[in-house]
Structures are given as structure tokens and as C-alpha cells.
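Thanks for sharing this one with me. Here are my notes, written as numbered points so that you can follow along with the model open beside you.

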Amino acid sequence: MLARMNGGNKQEEDSSVSDEIISKGTVYERIRLVLEELGPTFVKLGQTFSNREDLLPPELIQELQKLQDKVDTVEMNVDEILENEFNITVSDHFQEIPKEPLATASIAQVYKATLSDGNQVILKIKKPDVQSVIEDDLLLIKDLEKLVSSYSEIGEKLNLKQAISTFEKSLLEEVSLINEKENILQFRRNFKSNKETYIPKIYEEFSNNNILCMEFIEGIKVTDKANLLANQIDPVYVSEVGLRLFVSQILDFGFFHADPHAGNILVKKDGKIVFIDFGAVGKIPPNDKEILENLIVSFVAKSPHKIVRYLKKMAISYEIPDERRFESDVEDILNFVHSTSLKEINPQAIINKMKDVLKDNRLYMPDYFYLLFKGIGLIEGVGRTINPDLDIVKSLHPYTKKIFAKKINPKNILKTGMDKMMNFTDNVDEIPRELRSVLQKLDENKFTVSSEIKNIEKTNQLIKSSIVNLILAMILGANIIATAIVFVSETGPRIGELSLVAVLGFIFSILLVVILLLRITRK
């Protein structure tokens, strides 16, 4: 596997990594180093689980958060790749394509090129064989999950199957450049009327599943405060707009950038915010988006009971040991938020508290929920870097007002009422048909009632065992009485002065006593 991942002759490097793994003291450090040595798929697996405080211990989370892609540049003949992929002559469409990549990632390499019309573009080209490598690694990871789940309760308790399934879906989406292209086009549609952001243009004639061609954006890194000020751009304004745009992605569209770290956010010289790298996005289903809105309203209204109710509605599954404790934990978070000065609130601390509550109460949330937590933490961290006084709660106020206004809007009330009436009508329509079916079965003496009792097999076994013991005891009693009668009788064959039948009856009684004692003590 190492030869496949890292290519070529790297025995010395592999040996040094192995020595480093052996020399490390803690098991969590060794896990991180093993993941790095196994290659990009396993590194991304570790990065994905670095946000799952609900599944893994804090010490392992800290190690996984240190994971970085160790990527070697792959030599590519870009001209030849373009000609093979699109059946074109490169010189007819491009003025220049440098041989050296602008950046290298685990899945693709990025080149800055110039089109024949002078426009500068980014060519994101997937590495050769990366798709098959990832698919092979995913099969191995799923086999390991099955092994762990089959021989240990850990897999089931951690809900590993669902977590691995989510990771597989996310990674396959990320490796598909068609998927990334569609994400960018969706963002362009969502924010086409927004004057505070800009989404790069896609050149579809040079884009497919292996290549993505998009507009090159000349911009300033969002955390480069000195450069922002040099271009007369207010960092405070940038932080507020960036946060506002991210909240809009979530609440207005339910379609948000899942990795909004500083390297993926640029600022154009006209002050517009540009999000780049749309390989990983979060998608909130329409029904869950409404639940999320209700969750925010309940949070503002300080209603722990409703928050618990909406969290349960949103969860994939849950096994809450104590409902009252769950509600009390949520109330503690609300009290902490509402008793703390807005500027002193640390959103990441609140997110961590919320993750602990979900973990303690065994709520397994959909994958977008954890991406949401990750995204809020990242965007808030970026904002605080250039604006220490950033108030994330204040940025939510316009949206909470909008949600409130939508809830009390007569059109929305009428629509909600009509939806509920339609659901009620549909259910009522089903009643006569189901009732007729029941009556028909009653009339034909085919109506049966089935029930399930927990541990019924153990109960049946216990009853059977008790009946057998009772029968043996009855046989023993009858045999003792019969043996006593024969013993005092002078008829039948004898052994000396004793009746042979009485002796055999006595031996049989002893045998039955031994059997009964063994059965009773064994149970």
C-alpha cells in the first residue's frame, strides 16, 4: 500500500516513519502517524473523525486535528491530458499553461493558465489512478468496520457503520470534479443578486469529471489584515460580511461551504468576499431546514423543552437514558449563553458543550449537523482573527427576526394549516379502507392479533426447564413410594434378604435425585 500511495523507492522514508511510530509514547499519537503513513484516504478519514467528539475520546480528537496531507507533486503533461479529455488542440484555446503546478493536494493538482482571449483560469486536474486508489481504500475501511462491529460492541455503540457511510459519500463527492462544478454553479445561482460576494465563473467546455476549469480570482487572503488595510478595506466589515454570508448559506439556502478556513476565503480589491474550493459542501434537507429554524427560535426564546423536541426530530437515532437530565443539560447551556456578555461568548465553547450533551444523551445527528458545527467554528475563528470584537450572536439577529416574521406571516400560517389539513385528510381517507379490511378479516375468521414479549425465548426455556424438573420430581416421588411397597413385600426375586426390585428402585431414585440436583444447580 505504501508503494502505491507514495510511489517509487521510498524505503528509507517509510523506515523513518515506522521508527517514529514505534518511538512515540501514546497510542493516540501512534494512530495519527499510522494514518499519515497509510496515505490520503486514511488521512481524510482521520480529519473527518477529528470533529466527532460524540464518538471519540478528547485525546484522540486532539491528535487527529494535527493530521495534514503529506502530498508529493506528480509529473503531468497537462497539454496531453487536455487534448485527450476534450479532443482539442491546446494552442487553439490556451496561450500558456505552466509546467509547474500552483498547488498540490491529495486528489488533484492546480495549474494557473491563460486562455487564448487573455483571461486567466485555474485548471484543477485529478491525479492519475486516484479514483481507484480511494475506492480500494474505502473497501478496506468498510471491511475493518465489519470486523470491529462483528467481534466487539464498540462498533455498534459508536455507530461506526453510519459514520463510515457518511465518510464514503463525502469522499466520493470530493473526488468527483463534476460534483464540485455543480456545487459552484449552485452557489452562483443562490448568490447571483448578492453584491457582497462573488462566485468564480466555470468554463464548462473545459470541465468534466477529471478536470475543472474556473475563473482565476485575484484576491487577498481573508486573514491578511495588513494587506486589507493597504487596499483600504476595513477588516471589521470583512469579518461581518463573511459571517453574514455563511449564515445566509445555511438559513436561506440550506447549502453551505463545509470547509470555510482562511485558505478558502479571498477578498477582492472591491471588497467582495470570495469562497473557493467547493469540493465539500453541506446540504440541509428542506424538512430539516424548517426544524433548524424552529431550533433557532427556541434557542432565542430560551425554551429547553422545545430544543430537546427539535433535536430529537432532527436526529437519525437516539437512546436518551434520562429525558429530564437531557433537558437540564440544554437548560444549562441556555443559562450560560444568556448570562454571559455577548462579546465574551466563545461560540466554539458552546459548540463543544452541545457536542458533549449530544454524546452523553446518545443522539446521532445527520452528517450535515457536524459539518455545520465545524463550519461555524472555522468561520468564527477566521472572523475573530481580523476582528477580535466579532459578535456572532448579533449576526444572527436579522435572521431570527426574519424567521419570526415568516412564522407569523398570514401566508405561511395558511400554507402550514393547509399542509396539516391535507395530511389529516389523507389519513382520514385511509381509515375506511383499512377499517373495511379489518371487518372483512373478522367476518372470515381470519383476524389475528400478534404480540411480542421481550426475552420470550428465555422465558419459554425457563418454563420448559421447570416443567421437566416437575415431571422428574413426580417420577421420583412415585418411584420412592413403589420401592417402599416392594421392599416390605416378600414376593419376587431376592438378593439375600432384600428384594431385587426394591434395590433397583432405590438405585433409580438416587439417579433421579442426582439428575435433579445437577439441573437445579446448573440453572
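1. Let me start with Lys 181, which counts as buried because its relative accessibility is 13%, under the 20% limit for that class. Please keep in mind that this is a predicted model.

2. Which residue pairs with Lys 181 in a salt bridge? The partner is Glu 204, and the closest N and O atoms lie 3.4 Å apart. Lys 181 belongs to helix H11, while Glu 204 sits in the loop between H11 and strand E5 (211-215), so the pair ties together parts 23 residues apart in sequence. Unlike a buried residue, Glu 204 is partly exposed, at 44% relative accessibility.

3. Helix H11 (residues 177-190) also holds Glu 180. The side chain of Glu 180 meets that of Lys 124 in a salt bridge, at 2.9 Å from N to O. Lys 124 is in strand E4 (residues 120-126), and the two residues are 56 apart, so to speak, in distant parts of the chain. Glu 180 counts as buried at 1% relative accessibility, and Lys 124 is buried at 18%. Salt bridges with shared partners bring Asp 277 into one network with Lys 124 and Glu 180.4. Another pair worth a look is Glu 168 and Lys 142, whose side chains form a salt bridge of 3.0 Å, N to O. Glu 168 is in helix H10 (residues 160-175) and Lys 142 in helix H8 (residues 130-151), 26 residues apart. Lys 142 counts as partly exposed, at 27% relative accessibility. The count for the model comes to 13 salt bridges.

5. How many cavities of 30 Å³ or more are there? The count is two. The largest has a volume of about 70 Å³, and its lining includes Val 222, Ile 265, Ile 273 and Gly 383. Helix H13 (235-253) and helix H18 (367-386) are the elements that each give two or more residues to this lining. By class, the lining has eight nonpolar, three polar and no charged residues.

6. The second largest cavity holds about 30 Å³ of space. Among the residues lining this cavity are Phe 187, Phe 191, Gln 249 and Phe 275. Its lining has five nonpolar, two polar and no charged residues.

7. On the surface, please look at the nonpolar patch of about 750 Å², made by Ile 495, Leu 500, Leu 504, Phe 506, Ile 507, Ile 510, Val 514 and Leu 518. Helix H22 (residues 500-522) gives the most to the patch, with seven residues.

8. Lastly, Asn 335 lies in helix H16 (residues 323-339) and counts as partly exposed, at 44% relative accessibility. Asn 335 and Lys 302 are 33 residues apart in sequence, and their C-alpha atoms are 8.3 Å apart in space.

How values were computed: Residues are numbered from 1 along each chain as its sequence is written. This is a predicted model: local features need pLDDT of at least 70, side-chain atom pairs count only at pLDDT 80 or more; totals for chains, interfaces and linings use all residues. Side-chain values use heavy atoms; hydrogens and water are left out. On a 1 Å grid over the protein atoms alone, a cavity is a set of points where a 1.4 Å probe fits but cannot get out, and a pocket is an open set with protein on both sides within 12 Å along at least five of seven lines; lining residues have an atom within 4 Å of a point. Grid points are joined across faces, edges and corners, and a volume is the space filled by probe spheres set on the points. Helices (H or I, at least four residues) and strands (E, at least two) are DSSP runs, numbered from the N terminus. Ala, Val, Leu, Ile, Met, Phe, Trp, Tyr, Cys and Pro count as nonpolar, Asp, Glu, Lys and Arg as charged, and the others, Gly among them, as polar. Patches are made of residues with over 30% relative accessible area and no salt bridge: like charges are joined within 9 Å, nonpolar side chains (Val, Leu, Ile, Met, Phe, Trp, Tyr) within 5 Å. Accessible areas come from the Shrake-Rupley method with a 1.4 Å probe; for residues, only the protein chains shown count as cover. A salt bridge is a side-chain nitrogen of Lys or Arg within 4 Å of a carboxyl oxygen of Asp or Glu. Buried means under 20% relative accessible area, exposed over 50%, partly exposed in between (1.4 Å probe, protein chains only).
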